[in-house]
Amino acid sequence: MVHGYGNDISWTFQATPIFLAQMGFACFALDIEGHGRSQGLRAYVPNVDLVVQDCLSFFNSVKQDPQFNGLPCFLYGESMGGAICILIHFADHNGFDGAILVAPMCKISDKVKPRWPIPQILTFIARFFPTLPIVPTEDLLYKSIKVEDKKIVANVNPMRYRGKPRLGTVVELLRVTDYLSERLYDVSIPFIVLHGNADVVTDPSVSKALYEEARSTGQDDKNL
């Protein structure tokens, strides 16, 4: 299981694996680089490809445990974590039996993406100051969480990043989302994608395109 940008595997995120565990599923998750209890500057992700390799190493170590040998394995990712799950699938086509993608960040919504020429300016500055938290974006907590009770929990989570996005992270996420939006057809893993139409952080229209263009069999979609 892979969490989203600025979040971690505790507090709001942990509700899902707890529910799944109660249903009999074994769930495993990790705080990605720069998030939660993992090392690195908070919310700084300069290379998503390295995060993908970290996740693959962790999940493969779990699958080597004799008590899980032979059991079906599924990826689960929220927002940026959904994009990372697709990249994990690209890196290991036969490693997982399916995926659950919740508002996958295959494209950043134009509603939060800075207008031209700001992205070009920020990309240039990021070459010299990649860790600066100066990207002009509103607090994403209230934009990314719709359930009022979860907003309260997320707001008091000391591990959650609440500052402005760092230049290097934004440039890298733009690179990754551009890459994924051009490779939707290459997704062959069976999946279910869930994406609310009111999402203003990630683009729900790209999730629809993923469902329509992917080569997967047995996939489904659902609008919340």
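**Notebook: helix H6, helix packing and pockets**

I began with helix H6 (residues 148-155), where Lys-151 and Glu-148 both lie, 3 residues apart, or about one turn of the helix. The model I consulted is a predicted one. I then looked up how these two side chains are related: Lys-151 and Glu-148 meet in a salt bridge, at 3.3 Å from N to O. For the structure as a whole, I recorded 4 salt bridges.

**Entry on H2 and H3**

I next turned to the packing of helix H2 (residues 48-63) with helix H3 (residues 80-91). Their axes are 9 Å apart and the packing angle is about 70 degrees. Angles of 65 to 115 degrees count as roughly perpendicular, and H2 and H3 are therefore roughly perpendicular to each other. I noted the residues that meet: H2 contributes Val-48, Val-51, Val-52, Gln-53, Cys-55, Leu-56 and Phe-59, while H3 contributes Ile-84, Leu-87, Ile-88 and Ala-91. Sorted by class, this contact comprises 10 nonpolar residues, 1 polar residue and no charged residues.

**Entry on the largest pocket**

I looked up the volume of the largest pocket and found about 1200 Å³. The pocket is lined by 47 residues, and those closest to its centre are Ser-79, Ala-103, Ser-144, Ile-145 and Asp-199. I listed the elements that give two or more residues to this lining: strand E1 (74-78), strand E2 (98-102), helix H5 (141-144) and helix H7 (167-181). By class, I entered 24 nonpolar, 12 polar and 11 charged residues for the lining of the largest pocket.

**Entry on the second largest pocket**

For the second largest pocket, I noted a volume of about 630 Å³. Its lining has 20 residues, with Phe-25, Ala-26, Pro-72, Cys-73 and Phe-74 nearest the centre. I then asked which elements each supply at least two residues of this lining. They are helix H1 (15-22), H2 and E1. The classes in the lining of the second largest pocket are 17 nonpolar, 2 polar and 1 charged.

I closed by cross-checking the elements: E1 appears in the lining of the largest pocket and also in that of the second largest pocket.

Technical notes: Residues numbered from 1 in each chain as written. Predicted model: local features only at pLDDT ≥ 70, side-chain atom pairs only at ≥ 80, totals over all residues. Heavy atoms only, no water. Axes fitted to C-alpha atoms, helices over the stretch in contact; angles between N-to-C directions. Helix = DSSP H or I, 4+ residues; strand = E, 2+ residues; numbered from the N terminus. Parallel < 35°, antiparallel > 145°, perpendicular 65-115°, else oblique. Contact = heavy atoms within 4.5 Å. Nonpolar A, V, L, I, M, F, W, Y, C, P; charged D, E, K, R; others polar. 1 Å grid on protein atoms, 1.4 Å probe; cavity = no way out; pocket = protein on both sides within 12 Å on 5 of 7 lines; lining within 4 Å. Points joined across faces, edges and corners; volume = space filled by probe spheres on them.
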